[in-house]
Amino acid sequence: MGELRLPAQNPFSEVLHVAIAITTLREHPGQQHLGILHRDGSENAVRLLHLAWHNQLKNSDPRPSYAWITLSIPPRRARQVAALCRRVWRANPDGVPYAFSQPSDCFATTGEYLIGPTRLGLTCASFVLSLFESAGLRLVEYESWPTNRDGDSERQRQIIGLLTEGGAPAEHVAAITAEVGNVRFRPEEVGGASIATVLPASFSEACNNAKWILVVLFEQGLVT
């Protein structure tokens with residue numbers, strides 16, 4: 001079972017190989033952001049790999065506004081995930097598109113994102129799921145996630161509006177508009193899955209854990 005930790009008590013330097021990082025967003029109240037903490041093999045420093053926005057894949061020093069979650073996985077597998085983080089960062093210099101495609105079969109062995117008819121892009125949460133999936137670790141039971149939940153399609157349409165305002169190519173906006181209604185994996189749910197007793201986690205367990213994670217984030221004022 002994983003653990004939720006706060007950087008004030010447990011600094012990021014305690015990350016052995018890989019962990020999940022989560023924060024709330026100041027500019028979008030009620031929305032969270034997710035990434036992967038990984039220990040860089042060459043510098044031996046902990047970095048945060050995350051899909052910040054459309055074609056904005058970042059690998060930066062983690063901020064203290066993120067809580068972090070340990071995962072109950074073998075050290076050998078954790079090192080594999082960390083190595084894949086480095087490979088994905090190097091293989092995608094132009095970033096990864098932002099879209100609502102499902103997080104399966106997304107990365108080549110080189111770490112390059114495989115754009116295709118059913119792989120238009122990822123969100124911050126599905127990016128985390130897809131990277132772990134590519135390392136042979138499925139974090140969630142995809143089939144247990146519901147469709148057409150209140151707020152999911154509305155959030156997807158809001159993102160499309162922001163992409164349009166931000167100058168995303170019209171072709172990409174049109175393509176992902178057809179994905180509205182796809183299953184949405186919320187960041188706090190992926191975080192909740194990460195501390196589940198058994199992986200992959202069911203929707204019900206991930207949601208129960210997510211509620212507790214949100215309480216901690218808001219009580220601690222962890223906002224980015």
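Which loop holds Asn-148? Asn-148 sits in the loop between H2 and helix H3 (152-165). Helices (H or I, at least four residues) and strands (E, at least two) are DSSP runs, numbered from the N terminus.

This is a predicted model, in which local features need pLDDT of at least 70, side-chain atom pairs count only at pLDDT 80 or more, and totals for chains, interfaces and linings use all residues. Residues are numbered from 1 along each chain as its sequence is written, and side-chain values use heavy atoms, with hydrogens and water left out.

**Backbone in the loops**

Most residues other than glycine have a negative phi, and most peptide bonds are trans. Two loop residues have positive phi values. Buried means under 20% relative accessible area, exposed over 50%, and partly exposed in between (1.4 Å probe, protein chains only).

| Residue | Phi | Relative accessibility | Loop |
|---|---|---|---|
| Asp-105 | about 55° | 60%, exposed | between helix H1 (75-91) and H2 |
| Asn-148 | near 60° | 63%, exposed | between H2 and helix H3 (152-165) |

Neither Asp-105 nor Asn-148 is a glycine. A cis peptide bond joins Leu-199 and Pro-200, with omega about 0°. Pro-200 belongs to the loop between H5 and H6.

**Nonpolar cores**

A nonpolar core is a set of buried Ala, Val, Leu, Ile, Met, Phe, Trp, Tyr and Cys residues joined through side-chain atoms within 4.5 Å. The largest one has 61 residues. Phe-127, Leu-131 and Phe-132 touch the most other members. Helix H2 (residues 124-134) supplies the largest share of this core, 7 residues. A second, separate core has 9 residues, including Phe-12, Val-15, Ala-21 and Trp-68.

What does Phe-127 contact, leaving aside its neighbours within four places in sequence? Its partners are Leu-49, His-50, Leu-51, Leu-57, Val-88, Phe-107 and Leu-122. Contact means heavy atoms within 4.5 Å.

**Helix H5 and Asn-209**

Is helix H5 enclosed or open, and how many of its residues are buried? In H5 (residues 187-194), 8 of the 8 residues are buried, so the helix is largely enclosed by the rest of the structure. Among them are Pro-187, Glu-188 and Glu-189. The buried residues of H5 pack against strand E2 (18-24), strand E3 (32-39), strand E6 (67-69), H2 and helix H6 (203-220).

Helix H6 contains Asn-209. Asn-209 is buried, at 14% relative accessible area. Not counting residues up to four places away in sequence, Asn-209 touches Gly-192, Ile-195 and Ala-196. Gly-192 is one of the buried residues of H5.
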